[in-house]
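Student: I should like to learn how to read a protein model feature by feature. May we work through one together?

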Amino acid sequence: MGDRPQKGFLSVENLLTNVDLHSAHVTVDLVALKANYKTLSLAAPSTHVGVAIKGEAYGLGLAPCAKALWAAGCRHFFVARPLEGADLRSVLADANIYVLDGFYLGQAEFYLRHNLIPALASLKEAEAWKAHAGLMACAIHCDTGIHRLGFTTGEFAQLCANAELLKSLNIKLLISHLACSDEADHPLNMQQLKAFQNLRSMLTHVPASFANSSGIYLGSQFHYDIVRAGVALYGGNPLPGKTNPMKTVVTLEAKVMQLREVLAGQTIGYSATWEAPRNSRIAILGAGYRDGVPRKLSSSRHDGPAQVFLGGKRCPIVGRVSMDMMACDVTDVVVKVGDMAEIFGPNLSVDEAAGFAGTISYELLTHLGNRYARRYVE
Ligand SMILES: *Cc1c(COP(=O)(O)O)cnc(C)c1O
């Protein structure tokens, strides 16, 4: 197991002296990432598991994750922005890279130079791609009910009826996206499936891609040729409310910078929001909202629901999360300065931490800041 510090995240002094100059650490377990890829491949055995690697692999770091996923067998990668596609191309020379943003006039040369496949989202984009990129590969993104990007059903029928346009496009993939796949019983799932089946019947020779992470678990009729897995690879639970079949990939820890005693009735932090109900021992931790710790994890006057894992136990977060630090109550645990508190990781899942803050794992992961010591476990 080689723990490789990333350039740009760990200072040179740190590497030379082995002194930890950081107050918080992010560990990304690439072994677990690859295991999760395998788990999803087994859950969708007759399809290729493509991956959503937009937003620098949901904040985990593009290059190390892309290389690990390529090694795990992934060949189809989905990014949001053309610039993300170019970054990925510099890491993976031979990958199929789809850009979900679609295609704007003037970008053709960039797409061609970096060999990117646009997910064309309208008839107009398709006409423009035909005019500027000839027979370079493209994908067609159709809307089946999420009503964000994509061809409407009417536009898609027009495309399929236009033999001349079809002939001059090199369509590699037909894409649609589910709105409610994390709610297995939501009626929109079956409505979207029917709509997608209908679209697919108009363009049968083109491979299709429909399911995201949760969509994989809706059943094999959602799998088609390529699935687009995102959050589950990175450790988020694709089955909310059920046991997470995924391994923990990301661990976020903050150092105990100071321990202090407060008397009953004294308050902690900005706006004096939390008041000690008894004489208490408080740990001050080296991560704050600049580091992507949601300020919503702040407690109210008494303990909020939010916790960290420290000294082998759950400890309530007390007071406001501020820019560079936060506090937790360690009256009942044994800790010392320099110990690391887990904000999320194997003992407190990213989904649970996100729940404390009224948000989702996606947001917690993609908001991780760049002040951490970042370690990739290979
Ligand atoms: C982000 C994204 C995905 C991946 O979604 P997860 O829920 O993270 O698995 C798949 N398809 C599209 C179009 C996306 O934007």
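Tutor: We shall go from the domains to the sheet, the helices, the loops and the ligand. Please keep in mind that this is a predicted model.

Student: Into which domains is the protein divided?

Tutor: The protein is divided into domain 1, residues 44-234, and domain 2, residues 250-377. Taken over C-alpha atoms, the centres of domain 1 and domain 2 are separated by 38 Å. Seven residues of domain 1 are in contact with eight residues of domain 2.

Student: How should one read a sheet, and what is the order of the strands in the open sheet of eight strands?

Tutor: In general, strands of a sheet pair through backbone hydrogen bonds, and the pairing is either parallel or antiparallel. Here the order is E9-E8-E7-E6-E5-E4-E3-E10, and the pairing is parallel. Strand E9 (208-209) and E10 stand at the edges, each with a single partner strand, so one side of each has no neighbour in the sheet.

Student: Which residues are the bridge partners of Val 51 in E10 and in E4?

Tutor: In E10 the partner is Ala 229, and in E4 the partner is Phe 77. Strand E3 (residues 48-52) pairs with E10 in the parallel sense over four bridges, while two bridges join E3 to E4, also in parallel. Moving on, four bridges join E4 to E5, which run parallel. Within that pairing, the partner of Phe 78 in E5 is Tyr 98.

Student: Are the faces of E4 covered or uncovered?

Tutor: Both faces of E4 are covered. His 76 and Phe 78 lie on one side, Phe 77 and Val 79 on the other, and all of these are buried.

Student: Where might I see antiparallel pairing?

Tutor: Consider strand E11 (residues 250-262) and E18, which pair in the antiparallel sense over four bridges. Ala 254 stands opposite Ala 341 in E18. Strand E18 (residues 340-344) is mostly covered, with four of its five residues buried.

Student: How should I read a helix, and which residues of helix H5 are buried?

Tutor: An α-helix has 3.6 residues a turn, so residues three or four places apart point the same way. In helix H5 (residues 82-91), the buried residues are Pro 82, Glu 84, Gly 85, Ala 86, Leu 88 and Arg 89. Their cover includes helix H3 (54-58), helix H4 (62-72), strand E4 (76-79), strand E5 (96-99) and helix H6 (108-113).

Student: Which residues of H4 are buried, and what follows that helix?

Tutor: Leu 62, Pro 64, Cys 65, Ala 66, Ala 68 and Leu 69 are buried in H4. H4 is followed by Gly 73, whose phi is positive, near 120 degrees.

Student: Loops seem harder to read. Is His 223 buried or exposed?

Tutor: One may begin with the position in the chain and then examine the surroundings. His 223 lies in the loop between helix H11 (213-216) and strand E10 (226-229). His 223 is buried, because its relative accessible area is 4%, and the cut-off for buried is under 20%. A polar atom of the His 223 side chain lies 2.7 Å from the backbone oxygen of Ile 216 and 3.4 Å from the backbone oxygen of Gly 219. Leaving out residues up to four places away in sequence, His 223 touches Ala 43, Ala 44, Thr 47 and Ile 216.

Student: Where does Ala 211 lie, and which residues does Ala 211 touch?

Tutor: Ala 211 is in the loop between E9 and H11. Its relative accessible area is 0%, so Ala 211 is buried. Not counting residues up to four places away in sequence, Ala 211 touches Leu 178, Ile 216, Phe 222, Val 227 and Arg 228.

Student: Finally, how many residues surround the ligand?

Tutor: The ligand is surrounded by 13 residues, of which the closest are Lys 54, Tyr 58, Ser 213, Val 231 and Tyr 362. For a ligand, one can look at the polar atoms and then at the buried area. A polar side-chain atom of Lys 54 lies 2.6 Å from an oxygen atom of the ligand. A nitrogen atom of the ligand is 2.9 Å from an N or O atom in the side chain of Arg 228. A polar backbone atom of Val 231 is 2.8 Å from an oxygen atom of the ligand. Taken alone the ligand exposes 390 Å², and the protein buries 93% of that.

Note on methods
Residues numbered from 1 in each chain as written. Predicted model: local features only at pLDDT ≥ 70, side-chain atom pairs only at ≥ 80, totals over all residues. Heavy atoms only, no water. Buried < 20%, exposed > 50% of the residue type's maximum accessible area, 1.4 Å probe, protein only. Contact = heavy atoms within 4.5 Å. Polar contact = N/O pair within 3.5 Å; in protein donor to acceptor, adjacent residues only side chain to side chain. Pairing = 2+ DSSP bridges. Near = heavy atom within 4 Å. Areas by Shrake-Rupley, 256 points an atom, 1.4 Å probe, with all protein chains shown as cover. Domains from an automatic or database assignment.
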